[in-house]
Amino acid sequence: MHILTRAEEEVLFKTLKANALKECDPVVKEFVECTHGKLVTVLWGCRAQHKAMNKCLMALTTQADMDKLKIQYLNDLAQGKVDHAQLQREQKLKDEENKKKSKSNGPGVH
């Protein structure tokens with residue numbers, strides 16, 4: 001039996017979040033559009049959009065969803081469909097790209 005490493009769990013969690021963001025894209029876009037031109041007023045001016053976005057994301061990132069993803073990953077790994085070393089290399093590359101992007105955006109912008 002294979003026990004997931006912390007790195008594998010992180011990759012799966014990032015996958016879960018990415019899938020949720022993709023599914024909730026229209027709701028996220030509504031929130032982002034609402035925030036344009038607002039500073040402090042975003043707190044009450046976009047409350048409904050913020051709640052809708054959080055509701056969508058939370059519905060798609062439950063522990064049950066994570067457990068399903070883990071089981072699928074372990075099944076794929078057992079069947080030789082997944083090369084976890086390749087997964088880790090890909091995640092390392094993505095992390096490096098994200099670090100470069102956050103540096104190029106300047107301080108405070110992520």
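This note goes through a predicted model, point by point.

1. Helix H1. Helix H1 covers residues 6–23. With 18 residues at 1.5 Å a residue, H1 should span 26 Å, and its end C-alpha atoms are indeed 26 Å apart, so the expected and computed spans agree. The buried residues of H1 include Glu8, a charged residue, and Val11, Leu12, Leu16 and Ala20 are buried in this helix as well.

2. The largest nonpolar core. Eight residues make up this core: Ala20, Cys24, Val28, Phe31, Cys34, Cys46, Met53 and Leu57. Two elements give two or more residues to the core, namely helix H2 (25–35) and helix H4 (47–59). H2 has the largest share, with three residues. Ala20, named above as a buried residue of H1, also belongs to this core. In soluble globular proteins, nonpolar side chains tend to be buried together.

3. A second core. Apart from the largest core there is another one, made of six residues. Leu4, Met66, Tyr73 and Leu77 are among them.

4. Cysteine 34. This member of the largest core is in contact with Gly45, Cys46 and Gln49, once neighbours within four places in sequence are left aside. One of these partners, Cys46, is itself listed in the largest core.

5. The largest pocket. Its volume is about 370 Å³. The lining consists of 18 residues, and those that lie nearest the centre are Val11, Lys14, Thr15, Gln91 and Lys94. Helix H1 (6–23), helix H5 (63–78) and helix H6 (84–104) each give two or more residues to the lining. H1 gives the most, with seven residues. By residue type, the lining divides into eight nonpolar, four polar and six charged residues. Val11 thus has two entries in this note: it is buried in H1, and it lies among the residues nearest the pocket centre.

6. Threonine 61. This residue is found in the loop between H4 and H5. Its relative accessible area is 24%, and a residue counts as buried only under 20%, so threonine 61 is partly exposed. Not counting residues up to four places away in sequence, threonine 61 touches Leu16, Lys17 and Ala20. Of these, Leu16 and Ala20 are buried residues of H1. Threonine 61 and lysine 94 are 33 residues apart in sequence, and their C-alpha atoms are 21 Å apart in space.

7. Alanine 18. The place of alanine 18 is in helix H1. At 41% relative accessibility it counts as partly exposed. Alanine 18 and threonine 61 are 43 residues apart along the chain, with 9.9 Å between their C-alpha atoms.

8. Lysine 29. Helix H2 holds lysine 29. Exposed would require over 50% relative accessible area, so at 46% lysine 29 counts as partly exposed. Its C-alpha atom is separated by 30 Å from that of alanine 7, and the two residues are 22 residues apart along the chain.

9. Alanine 64. This residue lies in helix H5. Alanine 64 has a relative accessible area of 43% and is partly exposed. Between the C-alpha atoms of alanine 64 and valine 42 the separation is 32 Å, for 22 residues along the chain.

Terms used
Residues numbered from 1 in each chain as written. Predicted model: local features only at pLDDT ≥ 70, side-chain atom pairs only at ≥ 80, totals over all residues. Heavy atoms only, no water. Core = buried A, V, L, I, M, F, W, Y, C linked by side-chain atoms within 4.5 Å. Buried < 20%, exposed > 50% of the residue type's maximum accessible area, 1.4 Å probe, protein only. Helix = DSSP H or I, 4+ residues; strand = E, 2+ residues; numbered from the N terminus. Contact = heavy atoms within 4.5 Å. 1 Å grid on protein atoms, 1.4 Å probe; cavity = no way out; pocket = protein on both sides within 12 Å on 5 of 7 lines; lining within 4 Å. Points joined across faces, edges and corners; volume = space filled by probe spheres on them. Expected span 1.5 Å × (residues − 1).
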